[in-house]
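Here are my notes after a pass through this one. Have the coordinates open while you read.

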Amino acid sequence: MASLIAQLNFTSASISIPPPIIKKSQQTITKISQNPTTLQESLSSFTKRLDFSIPTTKPLDDAYALVLDHGATQKSLSIGKQIHAHISKRNNVYDLVFLGTKLVFMYAKCGSLLDAEDLFDEMLERSVFTYNAMFGAYVTNGDPSKAIELYAYMRLSGVPADAHTCSCVLKACSGVGDIYCGREIHGYAVKLGLVSNDIVVNSLVSVYARCNDLNAAELLFNRSGSGDVVLWNLMISAYATNGMGKEALRVFREMQNAAVTPTTYTFVAALQACNELLSGVQIHAFVLKSGVSFDRYVANALVVMYSKCSRIIEATRIFIDIGDRDNVSWNSMLAAYVQNGLYDKSLDLFREIIRAGQQPDQVSIISVLSACGRSGNLLNGMEIHAFALKNEMELDLQVGNTIVDMYAKCSKTCFMESAFRRIPLKDYISWTTVIAGYVQNYCHTKALQSFRDALVEGIDIDKMTIESLLLACRTLKCISIVKEIHGYITRRELSDIILQNTVVDVYGECGEVDYARNFFKLIEIKNVVSWTTMVACYVHNGLADEALELSYHMVKAGIELDSIAILSILSAAANLSALRKGKEIHAFVVRRCLHLGDSIASSLVDMYASCGTVEKSFKVFNYIKDKDLVLWTSMINAYGMHGQGVKAIELFRKMESENLLPDHITFLALLFACSHSSLVDEGKAIFNTMQFQYDMEPWPEHYACLVDLLGRANCIEEAFELVKSMKTDPTSAVWCALLGACRTHRNMEIGEIAARNLLEIDPENPGNYVLISNMYAAAERWEDVEQLRMRMKIKKLKKDPGCSWIEVKNKVHTFITRDRSHPESDEIYEKLSQITENLESGGGYKPETSYVLHNVEEREKVKMLHGHSERLALAYGLLTTPHRTPIRVTKNLRVCGDCHTFTKLLSKLYEREIVVRDANRFHHFRDGVCSCGDFW
């Protein structure tokens with residue numbers, strides 16, 4: 001083509017190529033090339049006409065038009081411009097409008113939109129064909145909005161439109177999603193009588209489908225009769241593109257019934273609609289029957305379909321049979337491997353692409369980068385990044401975003417930041433990716449800073465980014481930023497149900513229950529996640545009673561409980577020791593034939609144990625055949641809660657025999673069990689087993705359990721040495737355990753060391769001050785007690801009041817120390833006085849006022865003991881439950897020694913089994929004896 005162009009010289013009437021040798025027998029020179037089929041032939045014909053037309057009085061419109069048509073087809077802009085210059089200089093042109101239109105069309109086809117616009121503007125007279133050429137120029141060169149503007153000008157100019165006009169402008173409407181202009185053209189087409197024209201109908205269906213008005217598209221389709229194959233293809237594609245696979249396949253079947261012969265495009269669109277293997281296989285069979293199975297486009301669609309249905313073997317088989325693979329073929333197979341988790345195979349295929357001499361494009365790079373990111377394959381990811389750099393693809397926006405995502409998934413935030421900075425023009429996906437990358441890698445502060453930077457850059461933050469930011473706030477517990485984001489969501493009207501549920505969850509995690517509750521009430525259409533999130537919020541913030549109450553409303557609202565909701569409600573029942581509610585949930589699971597998965601089974605074990613029925617915990621545990629580590633650990637912990645340390649150790653040995661490896665949580669449950677069963681030697685042995693047999697470094701929590709165990713056994717010096725031997729700094733839990741032992745065994749020397757360290761580490765916890773105060777009070781150091789109380793007052797710290805609750809008739813009743821808020825308060829206090837008198841007269845009860853750690857009169861101490869919350873709960877239980885039925889009470893603090901003695905005597909005198917769960921463990925009282933052996 002270059003040599004051909006070099007030979008042309010349109011500045012004179014002659015063409016500088018050798019004249020053809022003409023045989024004498026030829027009569028008419030103009031018949032040498034009557035129908036040129038290529039650009040070279042049309043140019044040759046044109047130059048002959050210039051040379052041999054003597055004189056050249058006959059217009060050359062048809063010759064010019066023929067060269068321009070071939071120039072447009074081959075996108076030869078230089079030839080077209082030379083012809084344009086030739087037309088401008090010579091006067092042998094009959095129809096300037098006709099040739100002007102041809103030139104506009106040529107410039108459009110060659111991608112020179114500016115030249116097309118300049119020529120169009122210079123034309124003094126324009127026909128509908130000229131306008132159509134310009135419409136096509138705008139549409140094909142990616143500027144559809146100008147086509148719509150020009151259409152409005154054409155209408156005002158009074159130029160009548162034709163079918164091609166409507167088709168071109170409707171394509172422009174599709175490009176910008178302008179359904180209003182599309183409807184206006186639809187009405188104009190009706191007025192012109194063009195709605196029976198297939199091209200116009202097809203374009204109308206296309207614009208309605210692109211603008212998501214499928215009802216209008218289907219109405220037009222149905223009114224058009226059988227239509228041509230293009231219309232059928234458009235309708236199938238419209239449904240498939242909008243995720244309506246069933247409707248697309250229905251139209252495909254109707255097309256078969258109408259005896260319309262499908263094309264390659266039909267099969268591609270139908271295969272795109274297949275979400276189930278059966279329909280895909282049926283279309284594949286039809287493809288084989290139609291004889292187009294070797295068509296590359298159909299084969300590519302088959303690869304995608306089988307990949308979507310997770311049938312990678314069939315996809316590979318079809319891919320292998322594609323003889324003339326293009327980039328789409330390779331990329332479809334690459335994506336198939338990535339989507340089905342075969343990341344190594346995707347990398348192997350990428351290498352095969354290069355070996356086959358095929359040049360990977362941006363889509364190929366994006367697929368393999370995704371494979372590297374998902375598999376955490378940093379080394380190969382960096383190699384692909386280098387390949388993209390070498391081939392100048394890194395600056396492509398989608399490739400750049402995927403590189404950022406790959407480094408984020410490989411936990412290389414420094415590389416991620418560098419790749420992000422190299423993206424020249426970042427879009428909202430770039431910012432979303434980097435913010436999500438920071439959140440995934442626990443760089444929450446950087447995520448929030450990037451959010452602010454994005455706002456400064458004028459980026460419209462989408463819902464996905466907001467969700468990532470809320471997760472960052474959830475971890476940081478930064479309530480001010482949560483409120484800021486909440487305001488941003490409200491101002492931008494971004495709320496959907498997923499985002500609303502996330503806001504409730506984050507407010508709950510940050511301890512802002514009122515905000516969570518109010519926002520939950522504002523959700524108009526609540527789904528199961530909304531309700532479950534609010535229940536979990538209550539549970540997380542210690543409001544189990546409210547959680548159970550909300551669960552009742554949830555069921556009344558007709559919400560079907562899912563496994564997550566069940567777990568949340570079971571957790572609430574466990575926290576309150578609400579056995580009846582827990583049993584109801586268990587029964588619901590059984591009635592609905594829900595699978596007792598590992599998480600539900602473990603929660604049931606924990607719930608029954610927390611409600612004081614460890615036997616039922618073991619029944620659930622025993623029922624599950626394939627037990628995972630969490631279930632074993634839950635059962636070990638259940639035994640530990642109830643002081644059955646020997647059984648916990650036996651279960652651990654059985655677990656070991658099942659070749660199940662314990663983790664840190666398992667050993668924590670074991671040490672807890674030993675601590676509450678006074679198994680000192682066994683606890684030490686387990687601690688050593690963890691370190692030396694399983695090569696696990698103990699957590700501070702393990703040390704706290706062992707210190708507690710040694711402290712309870714009065715091995716205070718040994719416990720203190722253990723604390724000093726810790727490789728990391730002791731936590732507040734470790735010092736608390738040591739301090740509690742010092743208080744019990746009156747070791748003031750080590751106790752003061754523990755107290756000093758405890759207040760240094762955690763000076764804002766009121767429980768620490770109370771524990772130290774109790775140690776001083778037990779030693780009658782009242783001045784020190786008063787000093788601590790003054791420090792608490794200055795810091796505005798308040799002691800948690802003693803609180804107990806009992807479940808009666810499916811309702812949880814709560815009591816606080818010396819509480820009179822209960823509606824039956826008078827009857828409860830009267831019953832408690834009666835019980836106390838009976839125990840004093842017939843049970844040998846004498847108040848042990850040494851447990852009252854206040855500097856008051858003895859009589860006042862007795863009153864204080866009688867008002868303890870667990871006694872009020874016990875009195876209410878005796879008042880409202882049938883004789884000889886068990887009474888179950890839960891308390892938020894450790895049961896004092898006097899209440900422990902009181903309950904033992906009550907169980908014998910009133911012939912009741914009493915189960916009390918305090919902050920440390922369970923106490924099973926029966927016939928005057930407690931399961932703890934007075935060791936708690």
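1. Start with what α35 packs against. Its buried residues sit against four helices, α33 (563-576), α34 (579-591), α36 (614-623) and α37 (629-641), plus two strands, β4 (914-917) and β5 (922-926). Keep in mind that this is a predicted model.

2. How much of α35 is covered? Mostly: 10 of its 13 residues are buried. Among them are Ile-600, Leu-604, Val-605, Met-607 and Tyr-608, along with small ones such as Ala-601 and Ser-602.

3. The geometry of α35 (residues 598-610) looks fine to me: from first C-alpha to last it reaches 18 Å, close to the 18 Å expected at 1.5 Å a residue. Just after the helix, Gly-612 takes a positive phi of about 90°.

4. Next, have a look at Ser-907, in helix α50 (residues 897-909). Its relative accessible area is 0%, so it counts as buried, the cut-off being under 20%. Beyond neighbours within four places in sequence, Ser-907 touches Arg-912, Ile-914, Phe-925, Arg-926, Asp-927 and Gly-928. For a sense of scale, its C-alpha lies 107 Å from that of Leu-68, with the two positions 839 residues apart along the chain.

5. On confidence, the chain averages a pLDDT of 88, and 93% of the residues score at least 70. Residues 1-33 stay under 50, though the model has 41 contacts beyond four places in sequence for them. Residues 52-58 are also below 50, with 8 contacts beyond near neighbours in sequence. Where pLDDT is low, the predicted coordinates should not be read in detail.

Key
Residues numbered from 1 in each chain as written. Predicted model: local features only at pLDDT ≥ 70, side-chain atom pairs only at ≥ 80, totals over all residues. Heavy atoms only, no water. Buried < 20%, exposed > 50% of the residue type's maximum accessible area, 1.4 Å probe, protein only. Contact = heavy atoms within 4.5 Å. Expected span 1.5 Å × (residues − 1). pLDDT = per-residue confidence, 0-100.
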